[in-house]
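Let's take a walk through this structure together, starting in the middle and working outwards. Keep the picture open while you read.

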Amino acid sequence: MMTVFLIGYMGCGKTTLGEPLARLLGWRFVDLDYYIEEKEGMTAKEIFMTSGEAHFRLLERAALEEVAACGGDTIVACGGGTPLQAGNMELMNSVGITVWLRTSVERMTSRLVLPEQRIKRPLLNNMSDEEIKESVKKGLKARSKYYKKAQLQFDSTYLESEEEIKDSAQRLAVILKGMKE
């Protein structure tokens, strides 16, 4: 039994890669933000707006503990900020494998400027493409020290087509199977 926690900055491909990876392995898939939204009956944006970030982070920690305690073979797509909270990386590393999905600032920006991403991520709505790029650059620099605590790093550059997603999922599946044995 293995739990794999996918971490990284927004736009790195945690959900995009996580879902097909879980299907390929025959494992359960959990998107931590969606898990919280289901439990709370409101979107992460609504939770942030009504109760604030500190409350969201408490919900996130509780959700992380629940998912970590479930056991079973599971792929967990964590929110970009999950590893930053005190004790979260230690918890994930103690019960499973953490994988930092890495790609370039340019690649993450190219994903985040898409209209459907702007809708899902309200903070990006009023930003120009260049402002998004600067935000990614700054955010990644600030968060890298947390992401570096991951047990594994994986190149998530090639997730732009179904074929690339499938190939990337297969590459990561081989690595994870090797770690499980």
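A residue counts as buried when its relative accessible area is under 20%. With that in hand, look at strand E1, keeping in mind that this model is predicted. E1 is mostly covered, with 5 of its 5 residues buried. The cover is on both faces: Thr3, Phe5 and Ile7 are buried on one side, and Val4 and Leu6 are buried on the other.

So what is E1 part of? The strand belongs to an open sheet of 5 strands, in the order E2-E3-E1-E4-E5, with parallel pairing. The edge places go to strand E2 (28-31) and strand E5 (152-155); each has a single partner strand, so one side of each has no neighbour in the sheet. Neighbouring strands here are turned against each other by 25° on average, if you ignore direction. As for what holds such a thing together, strands of a sheet pair through backbone hydrogen bonds, either parallel or antiparallel.

Now check the two partners of E1. Strand E3 (residues 74-77) pairs with E1 in the parallel sense over 4 bridges. With strand E4 (residues 97-102), E1 also runs parallel, and 4 bridges join the two. Leucine 6 is a nice place to see both pairings: this residue stands opposite alanine 77 in E3 and opposite valine 99 in E4. Isoleucine 7, for its part, has tryptophan 100 as its bridge partner in E4.

Next, find helix H5 (residues 88-95), which lies across E1 and E4 and runs at about 145° to E1. Which residues of H5 are buried? They are Asn88, Met89, Leu91 and Met92. These four cover an arc of only 160° around the axis, so they sit on the same side of H5. That fits a handy rule: an α-helix has 3.6 residues a turn, so residues three or four places apart point the same way. The cover over the buried residues of H5 includes E1, E4, helix H4 (53-69) and helix H8 (129-147).

Isoleucine 7 shows how these pieces meet. Leaving out residues up to four places away in sequence, isoleucine 7 touches a whole list of residues, among them Met89, Met92, Val99, Trp100 and Tyr147. Isoleucine 7 also ranks, along with Val4, Leu21, Ile75, Val99 and Leu172, among the residues with the most contacts inside the largest nonpolar core, which has 51 residues. The largest share of that core, 6 residues, comes from H4.

Over in the loop between H8 and E5 you'll find lysine 149. Is this lysine buried or partly exposed? Its relative accessible area is 40%, so lysine 149 is partly exposed. Setting aside neighbours within four places in sequence, lysine 149 is in contact with Met89, Glu90, Asn93 and Thr98. Its C-alpha atom is 10 Å from that of methionine 92, although the two are 57 residues apart along the chain.

Last stop: the cysteines. A disulfide is a covalent bond between the sulfur atoms of two cysteines. How many does a search of the whole structure find? It finds 0 disulfides. For cysteine 70, the closest cysteine sulfur is in cysteine 78, and because that is 14 Å away, it is too far for a bond. Cysteine 78 is in no disulfide either, as the nearest cysteine sulfur, that of cysteine 12, is 10 Å away. Cysteine 70 counts as partly exposed at 46% relative accessibility, while cysteine 78 counts as buried at 3%.

Note on methods: Residues numbered from 1 in each chain as written. Predicted model: local features only at pLDDT ≥ 70, side-chain atom pairs only at ≥ 80, totals over all residues. Heavy atoms only, no water. Pairing = 2+ DSSP bridges. Axes fitted to C-alpha atoms, helices over the stretch in contact; angles between N-to-C directions. Contact = heavy atoms within 4.5 Å. Buried < 20%, exposed > 50% of the residue type's maximum accessible area, 1.4 Å probe, protein only. Arc of directions from axis to C-beta. Core = buried A, V, L, I, M, F, W, Y, C linked by side-chain atoms within 4.5 Å. Disulfide = S-S within 2.5 Å.
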